Amino acid sequence: MKSPSFSVVIAFGFFALGGSLGAQDVPAHAPDGGTQQRVESVVILPMPSAPFTAVVTTEWTRIMPDGSTGTVKNHRTVARDSLGRVFQERRYFSPEGDKQMTRVSELDFEDPTLHQLMVCRPDTRVCTMYRYDMPTTVTLPKAGPLPNGSGTVTREELGRKTIDGVDVVGSREVTTLNAGFMGNEKPEPVVKEFWYSPRLGINVITKRFDPRASAVQNFVVGNINQAEPNARMFEPPQGYRIVPMDGQ
């Protein structure tokens, strides 16, 4: 199942093939496929009887080869109703995306009662329908050596506090990747900090540093309202063509 989240696509221009080339022209080449990166921000499980509406703000800072940084942001609406249905809005990034509303790239509708995930794209006005069998709870793997021998995981507790009226528990998780696992010359730590709400089953704050992406990623779930959301939030938009996938 495709896990919801947001995408940044870096595409390089290409020129049309054909015609004659002058002596000073760059040799022709086939179109470049570009690079696509996907960042997973917050996972919302289909927990029943734990409704909420919130805004997820993401800050993504990439570390450039010269040591400088580039930061882009976005904010988007998410919700879950008492049946466990989940709605997630996806938006593009911009340098001021935490304050300015960026364009919608995708709308996701997860319905555990119908075992159905609808991924709707406004640019094509098409909803792709997938089989949906997400569990309502998950169990974290134990700390210690990773099963594939790639490294080790350690965890520490950070205490408890209240954020936006929600009680949360903090933890820090460090995954140390062994030298050579990703071509690295020395062990590399992937550091993550979580402030988790047992009541809602979500990470209200997540902070990550991942050397594999040369990036620092911060996610904050704010404006949390635990009242029952409007039922219309969980209905795919009208007028979109529905394309069943995976045997649906």
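This short talk walks through the packing, the largest pocket and two individual residues of one protein structure.

Before anything else, please keep in mind that the model is predicted. I will start with the interior and then move to the pocket.

The largest nonpolar core has 17 residues, and the members that touch the most other members are Ile-44, Phe-52, Ile-202, Val-204, Val-221 and Ile-224. If you want to trace that core by secondary structure, the elements that contribute two or more residues to it are β3, spanning 52-63, β11, spanning 166-177, β13, spanning 202-210, and β14, spanning 215-225. A further core lies apart from this one, and it consists of 11 residues, including Val-104, Met-118, Cys-120 and Cys-127.

Let me stay for a moment with Ile-44. Leaving aside residues up to four places away in sequence, Ile-44 touches Phe-52, Val-78, Val-86 and Ile-202, and its list of contacts also takes in Arg-80, Gln-88 and Glu-110.

Now to the pocket. The largest one has a volume of about 1100 Å³, and of the 38 residues lining it, those closest to its centre are Val-138, Leu-140, Glu-173, Phe-194 and Asn-203. Which strand gives the most to this lining? That is β11, which supplies 7 residues, while β10 at 151-163, β11, β12 at 188-197 and β13 are each the source of at least two. Sorted by class, the lining comprises 18 nonpolar, 11 polar and 9 charged residues. For those of you comparing the two regions, β11 and β13 appear among the elements giving two or more residues to the largest core, and both also supply at least two residues of the pocket lining.

I will close with two charged residues, beginning with Asp-210, which sits in strand β13. Is Asp-210 buried or exposed? Its relative accessible area is 16%, and because the cut-off for buried is under 20%, Asp-210 counts as buried. Outside the stretch of four places on either side in sequence, Asp-210 touches Val-190 and Ala-215.

The other residue is Arg-121, in strand β7, which covers residues 116-121. With a relative accessibility of 34%, Arg-121 is classed as partly exposed, since that label applies between the 20% and 50% limits. Its side chain makes a polar contact, at 3.1 Å, with the side chain of Glu-106. Finally, Arg-121 and Pro-237 are separated by 116 residues in sequence, yet their C-alpha atoms are 10.0 Å apart in space.

Technical notes. Residues are numbered from 1 along each chain as its sequence is written. This is a predicted model: local features need pLDDT of at least 70, side-chain atom pairs count only at pLDDT 80 or more; totals for chains, interfaces and linings use all residues. Side-chain values use heavy atoms; hydrogens and water are left out. A nonpolar core is a set of buried Ala, Val, Leu, Ile, Met, Phe, Trp, Tyr and Cys residues joined through side-chain atoms within 4.5 Å. Buried means under 20% relative accessible area, exposed over 50%, partly exposed in between (1.4 Å probe, protein chains only). Helices (H or I, at least four residues) and strands (E, at least two) are DSSP runs, numbered from the N terminus. Contact means heavy atoms within 4.5 Å. A polar contact is a pair of N or O atoms within 3.5 Å; within protein, one must be able to donate a hydrogen and the other to accept it, and residues adjacent in sequence count only if both atoms are side-chain atoms. On a 1 Å grid over the protein atoms alone, a cavity is a set of points where a 1.4 Å probe fits but cannot get out, and a pocket is an open set with protein on both sides within 12 Å along at least five of seven lines; lining residues have an atom within 4 Å of a point. Grid points are joined across faces, edges and corners, and a volume is the space filled by probe spheres set on the points. Ala, Val, Leu, Ile, Met, Phe, Trp, Tyr, Cys and Pro count as nonpolar, Asp, Glu, Lys and Arg as charged, and the others, Gly among them, as polar.
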